[in-house]
Amino acid sequence: MASEIEFLGEAPGSHYSGDALLLADEEADDSVSVSGGSSTPTSQLLAGGVGSAGPDTDAVASALQAGDLEADRDDDDDDDDGAANPSSSSQPAATGGTAAATAASPARRPRLASTSLKEALRAEASVSSRSGASAANANAAASSATAGLAPAASSPASNNSASSTASDKPAPQAAHQSDSVVESAEDIPFNWAADEKHIFILSNAGKPIYSRYGSEDRLVTMMGVIQALVSFVQDKNDTLRSIIAGDYRFVFLSKGPIILVAVARTGESEMHLSSQLHIVYNQIISVLTHTQLTSIFEQRRNYDLRRMLAGTEKFFDSLITLVDSDPSFFLTAVRCLPLAPTIRNTIGQTLQQNRPADLLFAMMIAEKQLVTLVRPKKYPLHPSDLLLIFNLVNASTSFSAAESWIPLCLPKFNNRGFLHAHVSYLDADLETDADAPARSGSGRVCLLLITTNKDLFFVLSEFRKQILQSLQATQSMEAIQDALDRENYRIAHVDIAGLRHFIYKSKNTSQFTQPELEAPYTTPEERQRLFRQYQHVHSAIHSTARPLKIYFNNGSKEAMLGWITTNFELYATFGPLVTKSGAIAAVNRLLQWIKHEEDKLFILNAQVF
Amino acid sequence: MASGSPSGAAQQQQQQQQQQQQGGGRALEAKVVILGSQGVGKTSLVLRYVQGTYAADITSTIGASFMTRKMTVDRCQVRMQIWDTAGQERFRSMAPMYYRGANAALLVYDITDEQTFDDIKSWVKGERSNTSERPLDFEMPCSHCTLSSIPLLVAIELQHNVDSDIVLVLVGNKSDMASQRKVSGETAAIYAEEINALFFETSAKADSGRSRVFKSSLIAFCSHAQLFVLLLTNVL
């Protein structure tokens, strides 16, 4: 597919402006409602610079024509979802074809996507590509990509930011009949540039699956362009990995039948954005299994996957929000609830005693912290699987009032099949009595009992009662509640002058610990900024091109230190006046403190059976 | 039935119930399964019933949720087991796991969405064929059913093999959004009659302060279901 993508009429000297994401022609909106039957390009997207951009950017340069993508469309398959989205009915070809774009210079760029921001701001695009042979092609694609993507991405935004025609914009036709996605904010104009990070998921056929913001139905144009880009580069036996345009970084991940794209101006590295896309992909697998995902698209390439993922949007939203604030995800490690080791052992034993034969994993989670995990000796549980479970428990409101019995795929454990999880809160009142006054109060301590046997619900339900009784008898529940009521430890407990905050990951156990954030990191903005600093240090240390052992940077607001050994990763924040040697001395004292506390902060001995 | 309690006059009933609660009576199990398309308000309905709460912003049920509620009806302790299933297409294949062995099935649709009503029809088709070979050949009252008609209904039901027959209750939810109604009460009532189901319209959202009508219909629905299930399970 996509064998004949042509570039028509590249206008010489035309420049693509990095801030074109803010701008779009009003016609961009029309292209969303192009009628389903027509594959003739009916509108052109103009990537025009307004204001500072000057005369350079007026030119409409090249049209990306993807006529052959038509092959993807199967009229029979369209019947069911076509009814749902009349305007969006899978026209990757048509929409891709309508994207006319200004092209940047097709000159060769360095292979690594390390184009400096300065360079990028001069409105050039660079692509990182796996093989040098087709780098030029990839560059060409990328050039029009940035130009093509940007106006498409900004089309709904135009109502707010640039276009004066917001009021007479035709309402999208797709909204009302769509039964798979309820989109209440359908008609509200959307400001794309207001959000720092966008995540899009689409099928290889160009069908929208998920968008973090806005309605997927209004994104068909852009989805078409993304699909054309990815398949164009794939056609050259190469892989499109990332594009830089202005402050924005576009990162692509093509996984089997689906394509995931992150568009961010957060300053995060390609490595981090790409790993976030992997996490999102794993979330899809955990809902569907890899087997089911593959077979759905083998049977019908044009399938609207939103039907299968219905009801899970919240888990994607919450996951994408979490990766921007929780270090668990870039560290691939979990945080444990600080508990005395004796109590943790008692709880672990409770989960093992008289366990049903088919029990695979048993775990307790409290407020995104692991209390304990019990597993068979030969089946470790990968931290990224555990993080998906954390997100599931954290984002769902429906576990609190009942015992839930859910099918769940843990992608790293086995991406081909479902496990079954019995999920309940131990401190919630599950058995209500009509004759007694209702007690309320949602639980905090979540118990998950995971098995391969789908008929084990009532056995596990009995096991849960037994666990609860035993926990109450040993006063473990109170201990957990106390630990939850107690604040996380503060940096003052560590008592090292100049040290403001740290993150310590124990590599053997894939667990990490961090104190509460304190002044000056009290506002959401400052916390977010510090989080990005940590991400930056993490990606500098883990850079594949030039991995580091120790990183130290003395910035204007704080000094950051990163240190990686075979046993741990340590990231520490100091006041800006600290010297390098002072920081290293402090970190050595910190390591002693952690060593002293580690049996409380970490689960050092896995409970296995 | 209800051995262990002294039989008494109606005025002593309350006292007897208290004795029952103190362990005198036989606890009965009643299994109820809630079916219907996604977003019709199955979980809200159950939460309203079990906890007496309503939250506008609840996440979709994954798989199924299991809840129990104890109550005392007519000197008998009943433990109602409720399976609240997920409405999404991908969980459809799991549904038989939950309605197998159920005493009653609540078929919930959204009165503002005709598709969800049509979906009920496919549920019923699948359900009857999976659980009971014998078609039901007796008349069941539907929306006009009153408390007094229930014993009769159950008497008829009992002539059949109760184990394999599910009592169906058709529930049109979101009746507080009557202005956007797409499925008329009459249509639903006729269909309920066709499939021998009870029929109610409810609102899990509306509370007593704002619209007593919906609340009372909810109460009516609950008390019907309670009695119904009770009488069924009494004999099991």
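Contact here means heavy atoms within 4.5 Å. By this criterion, in the predicted model, helix 13 of chain A reaches helix 15 of chain A through Ile347(A), Thr350(A) and Leu351(A), which meet Phe463(A), Ile467(A), Ser470(A) and Leu471(A). Sorted by character, the residues of this contact comprise five nonpolar, two polar and no charged. The two helices, spanning residues 341-352 and 457-473, pack with their axes 9 Å apart and at an angle of about 150°. Since angles over 145 degrees count as roughly antiparallel, helix 13 of chain A and helix 15 of chain A are therefore roughly antiparallel to each other. Their crossing is right-handed.

Helix 15 of chain A also takes part in the aromatic contacts, and 19 aromatic pairs are found over all chains. In one of them, the ring centres of Trp405(A) and Phe457(A) lie 5.6 Å apart with the planes at 70°, so the pair is edge-to-face. This pair brings together distant parts of the chain, as Trp405(A) belongs to strand 13 and Phe457(A) to helix 15 of chain A, 52 residues apart. Both partners are buried: Trp405(A) has 1% relative accessibility, and Phe457(A) has a relative accessible area of 3%.

A further pair joins Tyr489(A) and Phe502(A), with ring centres 6.5 Å apart and planes at 35°, so the arrangement is tilted. Here the separation is 13 residues, from the loop between helix 16 and helix 17 of chain A to strand 17 of chain A. Tyr489(A) counts as buried at 10% relative accessibility, and Phe502(A) is buried at 0%.

Finally, Trp405(A) and Phe457(A) belong to one aromatic cluster with Phe458(A), Phe66(B), Trp83(B) and Tyr98(B).

Note on methods
Residues are numbered from 1 along each chain as its sequence is written. Chains are lettered from A and ligands numbered from 1 in the order in which they are written. This is a predicted model: local features need pLDDT of at least 70, side-chain atom pairs count only at pLDDT 80 or more; totals for chains, interfaces and linings use all residues. Side-chain values use heavy atoms; hydrogens and water are left out. Axes are lines fitted to C-alpha atoms, for helices over the stretch in contact, and angles run from 0 to 180 degrees between N-to-C directions. Helices (H or I, at least four residues) and strands (E, at least two) are DSSP runs, numbered from the N terminus. Angles under 35 degrees count as roughly parallel, over 145 as roughly antiparallel, 65 to 115 as roughly perpendicular and the rest as oblique. A crossing is left-handed if the near helix is turned anticlockwise from the far one by less than a right angle, and right-handed if clockwise. Ala, Val, Leu, Ile, Met, Phe, Trp, Tyr, Cys and Pro count as nonpolar, Asp, Glu, Lys and Arg as charged, and the others, Gly among them, as polar. Rings of Phe, Tyr and Trp (its six-membered ring) pair if their centres lie within 6.5 Å; planes under 30 degrees apart count as stacked, over 60 as edge-to-face and the rest as tilted. Buried means under 20% relative accessible area, exposed over 50%, partly exposed in between (1.4 Å probe, protein chains only).
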